[in-house]
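The following paragraphs consider the aromatic side chains of one protein model and the charged groups that accompany them. Please keep the structure in view while reading.

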Amino acid sequence: MEEAIRSLLQEISDFGIRSDKDLEAFRLKYTVRKGLIAALFGQLKSVAPEERPRIGQLLNTLKQSADQKVADADEALSPTSAGKAPALDLTLPGRRYFTGSEHPVQKVLGEMKQIFSAMGFSIATGPELELDRYNFDMLNFPPDHPARDMQDTFFVTRGNPSGDVLLRTHTSPVQVRVMLDNPPPIRVICPGKVYRNEAISSRSYCVFHQLEGLYIDRNVSFADLKATIYSFARQMFGKEVKLRFRPSFFPFTEPSAEVDVTCYLCGGKGCRVCKKSGWLEIMGCGMVHPNVMRNCGIDPETWSGYAFGMGVDRTVLLRYKIDDIRLLFENDLRMLRQFPA
Ligand code: PHE
């Protein structure tokens, strides 16, 4: 009996199953109810009782290896396994993937960042929810200064222990944060969203983007500021562009100026966009006020610097001939899909 089991075990392991027909032959010979293995089980009663457990166990092993062989062959021959006809229906239509693309504001911001990076500016960011202190006080706005009225502010919480919280009205508080955290020399740009409580129209929105610049070192002069802005404007708006610095006022710079570029739509001749003036205002700028430096722990006797801040959105509108600023913030896919990657 033992002999018979062992030789069958060998036979089974040698049996090659390469096709469905082989598999069927194997099953018929060994594993079906009238097969050889079942027949051996039938003989178990004639084995001496003391040998039965051992022989029974051998028989079980035999049965298991035969069943396993059937299962393995079944799996290997099934149509989904490698090399066989695929179960995938290749005629089904594919799944549709939508590809995102860069928002036009990010495209223009990206260009601006690249120009300033090449001039040695690094990029700093700050929170959009800002402390009143950083947005106004540290920037030399006295509490009752009329300049605070220049910017209609969204206040978020009043009377917080650490001060009033507001949505920043400009990117200049990032200047303050950078100066507080870093000893000079400093050369950074701070791009980001700013918020003002303005009447919403096709020309102004409650959110927009600014890019601020700050340079602090020894002996920095207004001439350095002009050179930097000229270089930027030529790269951004074209070699032919002319600049005009008009005296202006900001609490955090002294002297201060606003910068106009020749309208790059009409080349300075005068058109609807520049309101026939030939000029477009692009930024405010000036030499960092000594009070601001002192507030941030920087000695204005040793260091001097300039700052500038420009609006980004207007350039986006002009560049892509978009006639309503609200389109930049509504995330309407019909609009965004017009700006593929
Ligand atoms: N923060 C000013 C504004 O929002 C712009 C500015 C920045 C002016 C830096 C001078 C220097 O209008």
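In this predicted model, Phe339 has a relative accessibility of 10% and therefore counts as buried, the limit being under 20%. Its partner in an aromatic pair is Tyr320; the two rings are edge-to-face, with centres 5.2 Å apart and planes at 85°. Tyr320 belongs to helix α11 (residues 313–320), whereas Phe339 lies in the segment after α12 (333–336), so the contact ties together parts that are 19 residues apart in sequence. Tyr320, with a relative accessible area of 26%, is partly exposed.

A search of the whole structure finds 17 aromatic pairs. One of them joins Phe121 and Phe308, again edge-to-face, at 6.4 Å centre to centre and with 70° between the planes. This pair links distant parts of the chain, 187 residues apart: Phe121 is in the loop between α5 (104–118) and β1 (122–123), and Phe308 is in strand β10 (residues 304–311). Are these two rings buried or exposed? Phe121 counts as buried, at 5% relative accessibility, and Phe308 is likewise buried, at 1%.

Phe121 and Phe308 are also members of one aromatic cluster, which further contains Phe116, Tyr215, Phe232, Phe237 and Tyr306.

Charged side chains also meet aromatic faces. Arg187 lies over the face of Phe121, 5.9 Å from the ring centre. Phe121 thus takes part in a pair with Phe308, in the aromatic cluster and in this contact with Arg187. Elsewhere, the charged end of Arg133 sits over the ring of Tyr134, at 5.3 Å from its centre.

Terms used:
Residues numbered from 1 in each chain as written. Predicted model: local features only at pLDDT ≥ 70, side-chain atom pairs only at ≥ 80, totals over all residues. Heavy atoms only, no water. Phe/Tyr/Trp six-rings, centres within 6.5 Å; stacked < 30°, edge-to-face > 60°. Helix = DSSP H or I, 4+ residues; strand = E, 2+ residues; numbered from the N terminus. Buried < 20%, exposed > 50% of the residue type's maximum accessible area, 1.4 Å probe, protein only. Lys NZ or Arg CZ within 6 Å of the ring centre and 35° of its normal.
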